[in-house]
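Here is a short tour of helix packing and empty space in one protein model. Have the structure open in your viewer as you read.

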Amino acid sequence: MLSYTYLLINFFTVIICFIFSFHHKIKFNKHFGAFFSASFIVGSVFIIWDAWFTKIGVWWFNEKYIIGIKILKLPLEEILFFICIPFSCLFTYFCLDKFFKLDWKPLPEKIFVIISILITLLIGIYFNEKIYTLFTFITTSISLFILYFILKSRWIGKASFIYLLLMPGFLLVNGILTGTGLESPIVNYNQNDFIGLRILTIPIEDMLYGYELILWNIYLFLKFKK
């Protein structure tokens, strides 16, 4: 039964959101095509990143908690992660945006984006010898710059607030993956490749990794949804 642990984490992450997607007041199911198109493109990039980091030993997976099917030397469950997590996050974004007015005013959003770009850029440069920290913070900085200043996305503030609201779920899911409540972690990290600062058992880099993943999913989802 332990071998189904990661698979069950994915399942329970997505099942409630999937069921409520068909609710007559939500109708997220009408946008499944846009979601799968977005998640396929974004997921492909992150899976390549994931496979590379697995190959060079930045992180690895505990065979005890996976069923053993692998693609690009990644567990099937890890591939499904890039569908299940974005689905739940985009569903939440869609619902909150549909029923609440969460848009930021232009100036506060611009200040937030600029400060975020500078902070992530400086941290990435400062910890340049830590490959997970370097890549995660630098690519987040670049993503924010591209999304806001080049692609003119004016939902960064709103998406960031919703991501903050999703933190309890993030801490639960990622916490289990990194060892909270388990005898040993499902995902293990090379201590030399990241800062070492954790929230519970979760490396701080994981929060930026997830943030960047969701931002790009939102951007493409909104494009395909039109």
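Which element gives the largest share of the lining of the second largest pocket? That element is α4, which contributes six residues. Please keep in mind that this is a predicted model.

## The second largest pocket

The second largest pocket has a volume of about 250 Å³. It is lined by 13 residues, and those closest to its centre are Ser116, Ile119, Thr120, Phe137 and Leu208. Helices α4 (106–126), α5 (131–150) and α8 are the elements that each give two or more residues to this lining.

For anyone thinking about chemical character, the lining of the second largest pocket has 11 nonpolar residues, two polar ones and no charged ones.

## How α4 packs on α5

Two of the helices around that pocket also pack on each other. The axes of α4 and α5 are 8 Å apart, at an angle of about 155°. Angles over 145 degrees count as roughly antiparallel, so α4 is roughly antiparallel to α5. The crossing of α4 past α5 is left-handed.

On the α4 side, the contact includes Pro106, Glu109, Lys110, Val113, Ser116 and Thr120. Their partners in α5 include Thr133, Leu134, Phe137, Ile138, Leu144 and Phe149. By class, the contact of α4 with α5 has 14 nonpolar, six polar and two charged residues. Ser116 and Thr120 of α4 and Phe137 of α5 take part in this contact, and these three are also among the residues closest to the centre of the second largest pocket.

## The largest pocket

Now for the largest pocket, with a volume of about 750 Å³. Its lining has 37 residues, and Thr13, Ile85, Gly169, Phe170 and Val173 lie nearest its centre. The elements giving two or more residues to the lining are the helices α1 (5–20), α3, α7 (167–177) and α8, together with the strands β1 (59–61) and β4 (187–189).

The lining of the largest pocket divides into 27 nonpolar, seven polar and three charged residues.

## α8 and its partners

Helix α8 (residues 204–225) is worth following from here. Its axis and that of helix α3 (residues 76–99) come within 10 Å and cross at roughly 65°. Angles of 65 to 115 degrees count as roughly perpendicular, so α3 is roughly perpendicular to α8. The crossing of α3 past α8 is right-handed. From α3, the contact uses Phe82, Pro86, Cys89, Leu90, Tyr93 and Phe94; from α8, the residues include Tyr209, Leu213, Ile214, Asn217, Ile218 and Phe221. The residues of this contact divide into 12 nonpolar, one polar and one charged.

Helix α2 (residues 32–55) also packs on α8, at an angle of about 150° and with the axes 8 Å apart. Here too the crossing is right-handed, as α2 passes α8. The contact involves Phe35, Ile41, Val42, Phe46, Trp49 and Asp50, among others, of α2, and residues of α8 including Glu212, Trp216, Leu220 and Phe224. By class, this contact has 13 nonpolar, three polar and three charged residues. Tyr209, Leu213, Asn217, Phe221 and Lys225 of α8 meet α2, and these five residues meet α3 as well.

## A closed cavity

How many cavities of 30 Å³ or more does a search of the whole structure find? The search finds one, and about 40 Å³ of space lies in it. Its lining is made up of Cys89, Tyr93, Ala159, Ile162, Tyr163, Leu166, Ile214 and Ile218.

Helices α3, α6 (156–165) and α8 each supply at least two of these residues, and α6 gives the most, with three. The eight lining residues are nonpolar, with no polar and no charged residues in the lining. Cys89 and Tyr93 of α3 and Ile214 and Ile218 of α8 also appear in the contact between α3 and α8, which links this cavity's lining to the helix crossing described above.

Methods:
Residues numbered from 1 in each chain as written. Predicted model: local features only at pLDDT ≥ 70, side-chain atom pairs only at ≥ 80, totals over all residues. Heavy atoms only, no water. Axes fitted to C-alpha atoms, helices over the stretch in contact; angles between N-to-C directions. Helix = DSSP H or I, 4+ residues; strand = E, 2+ residues; numbered from the N terminus. Parallel < 35°, antiparallel > 145°, perpendicular 65-115°, else oblique. Left-handed = near helix turned anticlockwise from the far one by under 90°. Contact = heavy atoms within 4.5 Å. Nonpolar A, V, L, I, M, F, W, Y, C, P; charged D, E, K, R; others polar. 1 Å grid on protein atoms, 1.4 Å probe; cavity = no way out; pocket = protein on both sides within 12 Å on 5 of 7 lines; lining within 4 Å. Points joined across faces, edges and corners; volume = space filled by probe spheres on them.
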